[in-house]
Amino acid sequence: MSWLIEQIRSALLALKASPLRSFFTVFTIAIGVFTLIATKTAIQTLDNSINNVISSMGSQVIRVNYLPSVRFSDGDEYRNRKPITLKQANDLQEAFSGSMRVGMSSATWGKSVQYYSRTTQRENRFIGVNHDYFSVLNLDVGEGRVISEEDVLFSRAVVVLGLDVATVLFGEENAVGKDVKIDNRSYRVIGVAKTRGTPMGQSLDKFVMLPITYFVNVLGYTGRARTVDMYVESPSEELIPLAVDEITGAMRGIRNVQPGEDNDFEVETNESVIDQFSGFISNLEMVGLVCGLMALLAAGIGIMNIMLVIVRERTREIGVRKAVGAKNGTILMQFLIEAVIVCQIGALAGVATGIPAGNLAMNMLIEVETAIPVEWVVGSGLICTVIGITFGLWPAWKAARLAPVEALTFD
Amino acid sequence: MSAVISINEVGKRYIMGTQKVYALRTVTLDIEENEYVAIMGPSGSGKSTLMNLIGCLDTPTKGEYLFKGESVGKMNDNQLAEIRNREIGFVFQTFNLLPRYSSLKNVELPLVYSGVPGSERQRRAQEALDHVGLGDRVHHKPNELSGGQRQRVAIARALVTKPSIILADEPTGNLDTKTGYEIMALFAELHRGGNTIILVTHEPDIAEYAHRIIRLRDGRIESDEVNANPRQPEAELAAQ
């Protein structure tokens with residue numbers, strides 16, 4: 001142990017002797033590790049936030065949309081798909097009445113809400129929903145009540161406010177029972193939703209919900225780009241695959257998809273969405289890994305080169321060490337340890353810069369939790385040790401094999 | 001007294017290309033414990049080769065070399081390293097100190113390779129430096145020391161393992177006359193203290209300090225004489 005400490009100390013001393021050269025050598029390794037760690041950190045932050053958002057939905061919820069929720073291309077394959085109409089959604093609900101609840105929503109953006117002299121920004125989602133939407137997605141109100149089956153049946157002009165909207169308009173006052181105006185129409189406030197937090201950096205509390213029948217039939221939000229999203233609650237997680245099959249079958253009937261044709265809608269579970277993401281993410285990971293490893297390989301060859309120069313420069317020193325009793329193995333270890341230490345310092349520098357860089361880069365795009373890819377940090381350390389040993393071996397071997405007499409008389 | 005070094009018809013031959021070069025033809029000699037021997041000769045006489053053989057830095061191509069009764073010719077690299085570490089202290093013309101290390105660390109080096117633990121190592125290195133009169137220069141690096149001081153550090157390094165022989169190759173070659181006297185005085189003192197000293201030099205007046213002088217010429221021993229009246233460096237120093 002004390003021998004190893006002595007070796008490490010001596011290696012550090014040797015590195016300090018030519019600081020500029022050591023810096024550049026360390027730098028090449030650091031670039032490789034930086035690439036690995038920064039990529040992985042960025043991916044991990046992305047992964048974390050995706051998982052958070054998706055699992056906030058509840059694991060038993062199956063989404064039915066006319067477009068997939070994750071798309072990595074604009075692909076023509078979706079161009080001809082038609083939005084899901086309220087009629088189709090109602091048909092699906094009808095098909096599963098008594099077995100599965102079907103939540104529905106259809107939304108538009110950029111509404112301001114007015115209460116006498118107070119007005120919110122034009123930043124609120126205006127969402128038509130049905131009664132089951134609340135129970136399937138586990139939404140609840142802090143005051144008042146949620147939208148009822150009757151509200152939907154009779155297309156009542158009632159709204160549930162998001163917490164941000166209620167706070168702007170009513171502050172500490174009770175909002176329930178008051179009348180607010182949206183686009184010059186009057187709505188009775190029946191409830192204020194509990195907060196849904198701010199995942200991915202955006203408040204989910206800027207919305208107004210109203211019966212979907214009023215939204216579609218009275219206000220006329222329908223047509224080309226206005227779809228109804230459905231959230232079907234499977235009775236249990238085990239039954240999800242079965243439920244997906246049933247929903248798919250029912251939707252094909254409802255949307256008149258001919259046998260042999262592809263579905264013109266998507267039935268997604270948490271798992272299927274996460275799967276799509278992981279496919280994309282593991283591709284990204286591969287790219288990062290390959291780039292990082294190539295950089296490390298190049299750095300390794302650089303290290304071999306430098307070590308050969310160092311061994312040549314220190315031939316006399318090797319001779320002296322041998323004269324006072326260093327064995328070949330001891331000299332071999334000395335230079336191997338030196339190579340590994342260069343690599344480890346490089347790894348440390350790469351990790352120390354890569355983690356903040358990955359986090360910062362992702363933070364500029366979306367607000368994410370800080371991530372530290374522990375496995376890759378450990379992995380980088382191991383890879384750098386292997387690189388140090390692999391590329392340090394030949395120079396160290398040359399040093400160890402030097403004949404003491406020749407080394408001592410070397411100029 | 002027993003022979004520490006017993007060299008019997010030893011020779012060293014190098015092959016350079018197709019030519020055989022005899023660096024040492026045939027040498028036979030014994031060196032007893034606590035002898036003070038000078039090996040003399042002009043350059044090319046084979047004295048460096050003989051020193052390398054005696055110091056176990058190299059192995060002979062013929063003959064037999066017994067170090068304390070053990071045949072050096074049959075030893076592998078590691079065994080030779082151990083002999084050098086435990087039994088031989090080298091003092092070189094160019095000092096050969098490690099430039100990045102303090103005096104103390106330089107002197108500790110042989111002990112590192114013999115596996116002496118850190119605190120013990122430091123104590124013994126300090127002791128050796130005290131012995132050569134550099135107890136107050138332990139943290140200085142070689143470039144902060146004078147030539148004479150550097151050679152003293154090198155001698156302390158040679159002494160620190162309490163070796164059977166001290167092998168000095170032109171130890172005053174890079175020093176001025178007065179400093180040379182001081183170093184020779186140190187060797188005289190070590191000799192009186194019981195050390196075996198082998199001095200390799202081409203300067204007759206340096207060889208005169210030794211009690212036995214071996215002259216080499218063309219790879220053979222030309223003469224091997226007792227020096228009945230060795231020079232006394234302390235007296236010369238005092239006279240200056």
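Begin by selecting domain 1 and domain 2 of chain A: their centres, taken over C-alpha atoms, are separated by 55 Å. The model on display is a predicted one. To colour the two parts, use the domain assignment, which gives residues 2–52 together with 275–408 as domain 1, and residues 82–264 as domain 2.

Next, select the whole of chain A. Along the principal axes, its C-alpha atoms fill a box of roughly 105 × 55 × 35 Å. The radius of gyration of chain A is 32 Å, whereas a compact globule of 411 residues would have one near 22 Å. In cartoon view, chain A shows 13 helices and twelve strands.

Now display the surface of chain A. The accessible surface amounts to about 20300 Å², and carbon and sulfur atoms account for 58% of that area. Of the 411 residues, 47% count as buried. If the charged side chains are shown, chain A presents 36 positive and 42 negative charges, whose mean positions lie 8 Å apart.

Turn then to chain B and select B:K68, in the loop between β4 (62–67) and β5 (70–71). Although B:K68 is not a glycine, its phi is positive, near 50°. The relative accessibility of B:K68 is 47%, so this residue counts as partly exposed.

The last stop is B:N96, in the loop of chain B between β6 (88–91) and α3 (103–113). B:N96 is likewise a residue other than glycine with a positive phi, near 50°. Is B:N96 buried or exposed? B:N96 has a relative accessible area of 7% and is therefore buried, the cut-off for buried being under 20%.

Conventions. Residues are numbered from 1 along each chain as its sequence is written. Chains are lettered from A and ligands numbered from 1 in the order in which they are written. This is a predicted model: local features need pLDDT of at least 70, side-chain atom pairs count only at pLDDT 80 or more; totals for chains, interfaces and linings use all residues. Side-chain values use heavy atoms; hydrogens and water are left out. Helices (H or I, at least four residues) and strands (E, at least two) are DSSP runs, numbered from the N terminus. The radius of gyration is taken over C-alpha atoms; the globule rule is 2.2 Å times the number of residues to the power 0.38. Buried means under 20% relative accessible area, exposed over 50%, partly exposed in between (1.4 Å probe, protein chains only). Accessible areas come from the Shrake-Rupley method with a 1.4 Å probe; for residues, only the protein chains shown count as cover. Lys and Arg count as positive and Asp and Glu as negative; His and the chain ends are not counted. The place of a charge is taken as NZ of Lys, CZ of Arg, CG of Asp or CD of Glu. Domain bounds come from an automatic or database domain assignment.
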